[in-house]
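This report describes selected parts of one structure, beginning with the surroundings of its ligand. Please keep the sequence and the 3D view at hand while reading.

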Amino acid sequence: MEKVYVNNLSNYIDKEIVFSGFVDVVRDKKWVQFIILRDSTGKVQVTVEKSDEGNASMVDLVSSLTHDSVIKVIGKVVNNEAVKLGGIEILPSNIEIISKAEELPFDYNNLDGVNIDTRLDYRWLDIRNEKNMLVRQIESCLTEGMRKYLYENNFTEIHSPKLIGAASESGSEVFEVKYFDRKAYLAQSPQFYKQMAIAAGLDKVFEVGPVYRAENSNTNRHATEFTGFDLEFAHIDSYEDVMSLEEDLLIAGLTLVKERYGEKIKEVFNTEVIVPTKPFPRIDLKDLYKELHELYNYEIPETDIGDTNAETEKLVYKLAQEKYNSEFMFITGYAATKRPFYHMRNEKGELQGYDLIWRGTEITSGAQREHRYEELLKNANEKGLGEDVKFYLQFFKYGCPAHGGFGIGLDRLTMLLLGLSTIKETEFIFRGPNRLEP
Ligand code: AMO
């Protein structure tokens, strides 16, 4: 018999089933024992009558159960209005201990005061917390919504290598690994390969995969390994097409999350899922500086001119809400010197790329790409990268459509969606400068 899950029990009333799960609570009363069992979909009560002589060996076993042990129950599902958990209980004919749990290092049901590092050391226990389990399920739902949108729009999912021979974004943030008798690097982005897919004629591609950054920064939004939701598509006229597709993609993802988890998110995370409408406001960097100065008396530091920084992004959220009644805001007009060489510039030298800010944090960089070999070579040489990216430049020598794309940091997206304070809460297993375990 296959295991039945809690959210499916009502289809098995008066039937004999197999149920296995974690022991959440044991209540050993004078006449009866209650075990609350838990799986990833919910909780169910198992009731053992002590007066029933046939139950004698089960009663001893239940008395010895420790919290979070895993047991397997064979029993009958019955309706019982007195049961708080869905009016259903299981009356067991046999109980088997599958795995006995030792005393837990902390109470995952009450994480107040438990240090985040202790929680991460025991991440598998931390995720047993209902809220943390929900984070995983909601992120999965968000990805499902976005993936679905892309499949429906004829995108092909690709998987590019993470071991690469040359850095893809910039030399300074790359992890070097020993690769037999030479050096290799961990990919900082699928950038070059999603563009290669376009040169191969695939037209529309996306990838959801690991991205590595050797950034020694301990902020709430940086990790050394994170999940990138990246896409690239061909035959565009401008980076406006890229922004428009990103709007549709986010609307699709957030719509599904709201449908499936909107109420739960309000209840558990005290956060509203707001599905945005098109178009999101757009602002040119120069106008942004002007607005921030006039409205909030903010002056961008000299070193960041042509770019944004964490403080600007916070103010962008304020501006987006106050002036545009939006949670999102696209920023365009970045300085070419501050951006990667593969972004297209127009005839005036203006960068054809953007960042998207949501709730005060950058979630995306995107752009129309330079697909003309000569121009691309010139841009690469200007950044002193000509030799490093020689292999990549070849992709544009044998015909390549105009194209563009973007990369979303999925862990950041989930963090902002649920109003969590750090990316450590949203990465399944966090990787940062001081953390390589578990
Ligand atoms: P970028 O470097 O801006 O662009 O990265 C894309 C998005 O990834 C997220 N992100 C991070 N998340 C967690 N930890 C980090 N250290 C980290 N660094 C970045 C952010 C960011 O917006 N190739 C381009 C994308 C493209 O143009 O298609 C790129 O990698 O949310």
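Helices and strands here are DSSP runs, numbered from the N terminus; a strand has at least two residues. The structure is a predicted model.

## The ligand and its shell

Which strand gives the most to the shell around the ligand? Strand 15 does, with 4 residues. This strand spans residues 361-368, and strand 15, helix 5, strand 11 and strand 16 each supply at least two residues of the shell. The ligand is surrounded by 22 residues, and the closest are Q191, E215, E362, S365 and R369. Sorted by class, the shell holds 9 charged, 7 polar and 6 nonpolar residues.

The table lists three polar atom pairs between protein and ligand.

| Residue | Protein atom | Ligand atom | Distance |
|---|---|---|---|
| Q191 | polar side-chain atom | nitrogen | 2.7 Å |
| R213 | polar side-chain atom | oxygen | 2.9 Å |
| G407 | polar backbone atom | oxygen | 3.2 Å |

On its own, the ligand has 630 Å² of accessible area, and the protein covers 93% of that area.

## Helix 5 and the loop before it

Q191 belongs to helix 5, where it is buried along with F192, Y193, K194, Q195, A197 and I198. Is helix 5 as a whole largely enclosed or largely open? Helix 5 covers residues 191-199, and 7 of its 9 residues are buried, so the helix is largely enclosed by the rest of the structure. What do these buried residues pack against? Their partners are strand 7 (163-164), strand 10 (204-212), strand 11 (225-234), helix 10 (390-393) and strand 16 (403-409). After helix 5 comes G201, which has a positive phi near 95 degrees.

S189 sits in the loop between strand 9 (182-186) and helix 5. Buried means under 20% relative accessible area. S189 counts as buried because its relative accessibility is 9%. The side chain of S189 reaches the backbone nitrogen of Q191 at 2.9 Å. Q191 therefore has two contacts described here: its backbone nitrogen with the side chain of S189, and a polar side-chain atom that lies 2.7 Å from a nitrogen atom of the ligand.

## Strand 13 and its neighbours

Strand 13 runs over residues 328-332, and 5 of its 5 residues are buried, so this strand too is largely enclosed by the rest of the structure. In a regular strand, side chains alternate between the two faces of the sheet. In strand 13, F328, F330 and T332 point one way, while M329 and I331 point the other way, and all are buried.

How do the strands joined to strand 13 run, parallel or antiparallel? Strand 12 (residues 282-284) is parallel to strand 13 and joined to it by 3 bridges. In that pairing, I283 has I331 as its bridge partner in strand 13. Strand 14 (residues 353-358) is antiparallel to strand 13, with 5 bridges between them. There, T332 stands opposite Y354 of strand 14.

## A buried glutamine in strand 3

Q45 lies in strand 3, residues 42-49. Is Q45 buried or exposed? Q45 is buried, because its relative accessible area is 10%, and the cut-off for buried is under 20%. The side chain of Q45 makes a polar contact with the side chain of E89, at 3.4 Å. Leaving out residues up to four places away in sequence, Q45 touches F34, I35, I36, V83, L85, I88, E89 and I90.

Key. Residues numbered from 1 in each chain as written. Predicted model: local features only at pLDDT ≥ 70, side-chain atom pairs only at ≥ 80, totals over all residues. Heavy atoms only, no water. Buried < 20%, exposed > 50% of the residue type's maximum accessible area, 1.4 Å probe, protein only. Contact = heavy atoms within 4.5 Å. Near = heavy atom within 4 Å. Polar contact = N/O pair within 3.5 Å; in protein donor to acceptor, adjacent residues only side chain to side chain. Areas by Shrake-Rupley, 256 points an atom, 1.4 Å probe, with all protein chains shown as cover. Nonpolar A, V, L, I, M, F, W, Y, C, P; charged D, E, K, R; others polar. Pairing = 2+ DSSP bridges.
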